[in-house]
Amino acid sequence: MTSDATPQAPAGDAAIESVSVLGEDSRRQMFAFIRRQRRPVTRDEAAASVGISRKLAAFHLDKLVDAGLLRARYGSPGGIRKVGRQPKVYEPTDSHIHVSIPDRRHELLADLLMEAVLTEDDGESATHAALRTAGRRGRELGESERKETRPGRLGAERGLSVCERMLDQHGFEPVRETPTQLRLHNCPFHPLAAKAPDLVCGMNHAFITGYLEGLEVSSVEATLAPRPGECCVQLGPAKG
């Protein structure tokens with residue numbers, strides 16, 4: 001696929017930026033118009049849809065491209081080839097915008113539960129399958145991080161720093177209470193966790209424990225320490 005930009009699915013700050021870009025009325029109307037067309041749209045068509053000049057439309061369209069909401073390329077609208085330079089056309093990307101404060105990751109929980117159902121062994125309980133799946137996913141993430149960064153031997157403080165980045169990216173809002181103690185102030189699976197706390201807290205614990213194993217941080221362990229309004233897991237020095 002050729003385009004002026006290779007968009008990534010908006011997440012975190014990028015999602016907020018995408019929403020702010022759509023705050024301008026003409027820009028939002030053009031974006032809605034292009035999405036409805038189900039085909040590449042020219043600058044002239046986009047401008048006409050909201051009654052502004054082609055130059056001003058180009059400015060707004062470029063903002064939408066920069067935000068990852070549209071992709072741009074040179075092509076023939078409607079598949080009709082004409083002599084001369086092809087016009088610039090715009091079409092929606094596959095990005096989905098979701099902004100939640102605090103962060104919620106229900107799609108990750110749904111993905112883990114679906115995988116657990118599809119891989120459940122004979123005689124294995126649904127809960128065990130969910131914990132196994134969460135642990136394996138965390139372990140794969142830790143192994144990938146270690147392979148990519150090659151951090152060497154990780155003590156408790158450095159290990160927690162690496163974990164802190166991952167947990168922040170996944171919406172857990174990690175807070176360093178001491179140099180070797182990490183508390184998670186947000187459960188990205190809330191309010192679903194309130195409906196099945198044993199299952200969701202167990203999956204959180206399995207996921208983070210698996211990550212530590214994959215990252216090979218034996219000096220840090222994840223423990224269950226529920227507090228109201230926070231994630232049930234905390235990280236600290238391994239005992240024994």
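**Exercise 1. Locate E173 in this predicted model and state how its backbone and surroundings look.**

Solution. Start with the position: E173 sits in the loop that runs between α7 (156-169) and β4 (174-178). Next, check the backbone, where E173 shows a positive phi of about 50° although it is not a glycine. Finally, look at accessibility: the relative accessible area of E173 is 36%. Buried means under 20% and exposed means over 50%, so at 36% E173 counts as partly exposed.

**Exercise 2. Repeat the analysis for E216, and decide whether this residue is buried or exposed.**

Solution. Find the loop first: E216 lies between α9 (197-215) and β6 (220-224). The phi of E216 is positive, about 65°, and again the residue is not a glycine. Its relative accessible area is 52%. With the cut-off for exposed at over 50%, E216 is therefore exposed.

**Exercise 3. Which residues of helix α3 are buried, and what covers them?**

Solution. Go through α3 (residues 43-50) and you will pick out R43, A46, A47 and V50 as buried. They lie on the same side of α3, because they cover an arc of only 100° around the axis. Now turn to what packs over these buried residues: the cover includes α2 (25-37), β1 (41-42), α4 (54-66) and β3 (88-92). One last stop is just after α3, where G51 has a positive phi of about 70°.

**Exercise 4. Where is the cis peptide bond that involves P191?**

Solution. Check omega between H190 and P191: at about 5°, the bond joining them is cis. Then place P191, which belongs to the loop between β5 (181-184) and α8 (192-195).

Definitions and conventions
Residues numbered from 1 in each chain as written. Predicted model: local features only at pLDDT ≥ 70, side-chain atom pairs only at ≥ 80, totals over all residues. Heavy atoms only, no water. Helix = DSSP H or I, 4+ residues; strand = E, 2+ residues; numbered from the N terminus. Buried < 20%, exposed > 50% of the residue type's maximum accessible area, 1.4 Å probe, protein only. Arc of directions from axis to C-beta. Contact = heavy atoms within 4.5 Å.
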